Amino acid sequence: MVRLDRFLADESSFSRSDVKKMIRAGRVSVNGSFDVKPELKIDPENDCVKADGVQIMHTGRVCLMMNKSAGVLSATEDARDRTVIDLVKEPYANKLFPVGRLDKDTEGLLLLTNDGMLSHNLLSPAKHVSKTYFVIITGAPDEQLREKFREGLDIGDKKPTLPSLLMFLSVDGDFLEEHITQSANGEDCREQLPHGMISPLQMKEFCIRSIALADYARCGENECCAAVSVTEGRFHQIKRMFSACGREVRFLKRIAMGGLMLDPALEPGYYRELTKEEWKLLEG
Ligand code: URA
């Protein structure tokens, strides 16, 4: 059972406050009765809800944003290890699947949905949806590494990786400034963005808003922090890209998919439903 205003807002493009106004204006009926209030509990499967005479169908689409914790598998089931599905409680338990995979030791943004089309659109190589990560790697910041990532790397697959965006961060969360506004040859990075890639400024925004100081604090001696964004989803891609440059990934956390950023208020292992605005960020 869900509240009438919640049901209508979820199933339409109207906000919760617009929906409340519509209900109070007598534009909404439930099973033929207009004597309804926003807080009325309805059964979306069986009750007939109409707005301005048009029946509102129950699609039941759900998408959760999870901050995956390390040590949990992003699979639906596993005989030995705990999976992200095990973390999901009622009313979503066993109804959703993860959108793609993160390695067992990778943390951060993982979507769980029952919407196959959403999943397809986010994962299909043809769609080039960017995935942005905070990473701690061995060694020092190096402009040449940025060039290599931008050009594409041979990581042992048939084809080199598509151009990707790499920016180094200081351990107190600042960007190394020249990386934001300029590329190595002094041109604006935005000119060279591959299809689907976020801009350096958007990457900066994601980093400022979603990376916690505790994440930076993991950076040890002879290690450095960076943000990297790719528009593919190859197996162990980020680790293999750094490995191809002689670096080892010590910590990996996904902070965004396309324009959708991980909510910094979500503790590892916790999740919440996407807001309407977040659905729009994913679906354009
Ligand atoms: N790339 C990796 O190497 N691991 C992940 O979990 C995600 C991207």
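This is a short tour of the ligand site and of one aromatic pair in a predicted model.

**Stop 1: the ligand and its shell.** Start by selecting the ligand, which sits in the second largest pocket. Next, add the residues that surround the ligand: Leu 102, Asp 103, Thr 106, Tyr 133, His 236, Gln 237, Ile 238, Lys 239 and Leu 252. Colour them by type and you will find four nonpolar, three polar and two charged residues. Which helix gives the largest share of this shell? Show the cartoon for residues 237-244: this is helix α9, and three residues of the shell come from there.

**Stop 2: polar contacts.** Now zoom in on Asp 103, where an N or O atom of the side chain is 2.7 Å from a nitrogen atom of the ligand. Then switch on the backbone of His 236, which places a polar atom 3.2 Å from a ligand oxygen. At Lys 239, look at the backbone again: an N or O atom there lies 3.0 Å from an oxygen atom of the ligand. If you turn on a surface, note that the ligand taken alone exposes 240 Å², and the protein buries 95% of that.

**Stop 3: an aromatic pair.** Leave the ligand and select the aromatic rings; the whole structure holds four aromatic pairs. One of them joins Tyr 92 and Tyr 271 edge-to-face, at 6.3 Å centre to centre with 85 degrees between the planes. Tyr 92 is in the loop between α3 (84-87) and β7 (97-98), while Tyr 271 belongs to strand β14 (residues 271-273), so this pair ties together parts 179 residues apart in sequence.

How values were computed:
Residues numbered from 1 in each chain as written. Predicted model: local features only at pLDDT ≥ 70, side-chain atom pairs only at ≥ 80, totals over all residues. Heavy atoms only, no water. Near = heavy atom within 4 Å. Polar contact = N/O pair within 3.5 Å; in protein donor to acceptor, adjacent residues only side chain to side chain. Areas by Shrake-Rupley, 256 points an atom, 1.4 Å probe, with all protein chains shown as cover. 1 Å grid on protein atoms, 1.4 Å probe; cavity = no way out; pocket = protein on both sides within 12 Å on 5 of 7 lines; lining within 4 Å. Sits in = over half its atoms within 2 Å of the grid points. Helix = DSSP H or I, 4+ residues; strand = E, 2+ residues; numbered from the N terminus. Nonpolar A, V, L, I, M, F, W, Y, C, P; charged D, E, K, R; others polar. Phe/Tyr/Trp six-rings, centres within 6.5 Å; stacked < 30°, edge-to-face > 60°.
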